[in-house]
Amino acid sequence: MFPDHLLTGEVSIHPGFAQALGLVQGPKQIRTKEADENEIVAASVSITTRVSAAYEEAARIMGRLRDIPPGAGGFKRYEDLMQSAISFAFQGYLSNPKLHATPWGGGEIRDIVFNNTGETRFFETIRDSYVAVTVPFECKNKSTLEAGDFHQIEASLTESTSRFGFVCYRSDRREPIKQEIRYLQEIYSRDVIHHKMVMLLSDANLWQLLEQRAKGKLDAFMYKMYTRYIRLYLA
């Protein structure tokens, strides 16, 4: 979320700029008027300020992330930070985060579940194709994912809530490795009609999301990432 001092006052912003910043979701009727030169300059300054603030917040999040050591000792800090980071990155698309805990093998699966309120291409696609009215994010404060981690997220995905989810983990890789792809393919192909889809969100991916959010290009980036995963599943 942008700092409060940047959100006070009003300026005239062209609808195209608002759409690019993610402030307008989906087709809407927007009343417009011809802006004079002073208003155009003010709007441009406001947009530049917002983008700069977004980059500053992204850097702050990544700095806090680097301070959290992988492992059980840092799990709660990691989970809390990921909730804040995802809320910021997906602002205007995902909302109302809630912690959902499910018993699992003597312990529990903990997901941060968001409502999918996005009305742009990626968010509509996962809602239409995977009944993703909600989107769970399972946080793993470790750099290497194991079979059990994939079984847990698969168990969290259901026809009544969502067949689409994310696993967040501490890798510096932007792309899944061979073993991870195999587990993802197994989840996707287990039911040939009602596919379940899981995407991985590494530390490196998180920075990509924050950067694209600052640029106003998050939805396009997420849809590109989605199609890349589909190709992996069908390979």
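Here is a short walk through the structure shown above, from the whole protein down to a few of its strands and helices.

The model is a predicted one. Let us begin with the overall layout. The protein contains eight helices and five strands, and from the N terminus on these elements follow the order α-α-α-β-β-α-β-α-β-α-β-α-α. Of the 235 residues in the protein, 45% are buried. The accessible surface comes to about 12400 Å², and carbon and sulfur atoms account for 54% of that surface. Contacts reach across the sequence too: among those between residues at least 6 apart, 71% join residues at least 24 apart.

A good place to step inside is strand β3, which covers residues 134-139. Six of the six residues in β3 are buried, so this strand is largely enclosed by the rest of the structure. In a regular strand, side chains alternate between the two faces of the sheet. For β3, both faces are covered: Thr 134, Pro 136 and Glu 138 are buried on one side, while Val 135, Phe 137 and Cys 139 are buried on the other.

From β3 we can move sideways to its partner, strand β4, made of residues 164-168. The two strands run parallel and are joined by three bridges. Glu 138 stands opposite Val 167 of β4. To get from β3 to β4, the chain passes through helix α5 (residues 147-156), and this β-α-β crossover is right-handed.

Strand β4 is mostly covered as well, with five of its five residues buried. Phe 164, Phe 166 and Cys 168 are buried on one side of β4, and Gly 165 and Val 167 are buried on the other. Cys 168 of β4 is also the bridge partner of Cys 139.

Which strand comes next, joined to β4 by five bridges? That strand is β5, which runs parallel to β4. One of the pairings here links Phe 164 with Met 197 in β5. The chain crosses from β4 to β5 through α6, and this β-α-β crossover is right-handed.

Helix α6 deserves a closer look. Its twelve residues reach 16 Å from the first C-alpha to the last, close to the 16 Å expected at 1.5 Å a residue. Buried in α6 are Glu 180, Ile 181, Tyr 183, Leu 184, Ile 187 and Tyr 188. Viewed down the axis of α6, these buried residues fall within an arc of 160°, so they line one face of the helix. An α-helix has 3.6 residues a turn, so residues three or four places apart point the same way. The buried residues of α6 pack against α4, α5, β5 and α8.

That last contact leads us to helix α8, formed by residues 218-234. With 17 residues, α8 reaches 25 Å from its first C-alpha to its last, close to the 24 Å expected at 1.5 Å a residue. The buried residues in α8 include Leu 218, Phe 221, Met 225, Tyr 229 and Tyr 233. What covers the buried residues of this helix? Among the elements that do so are α3, α4, β4, α6, β5 and α7. Here our path meets two strands visited earlier, since β4 and β5 are both part of that cover.

Methods:
Residues numbered from 1 in each chain as written. Predicted model: local features only at pLDDT ≥ 70, side-chain atom pairs only at ≥ 80, totals over all residues. Heavy atoms only, no water. Buried < 20%, exposed > 50% of the residue type's maximum accessible area, 1.4 Å probe, protein only. Helix = DSSP H or I, 4+ residues; strand = E, 2+ residues; numbered from the N terminus. Pairing = 2+ DSSP bridges. Right-handed = clockwise from strand over helix to strand, strands pointing away. Expected span 1.5 Å × (residues − 1). Contact = heavy atoms within 4.5 Å. Areas by Shrake-Rupley, 256 points an atom, 1.4 Å probe, with all protein chains shown as cover. Arc of directions from axis to C-beta.
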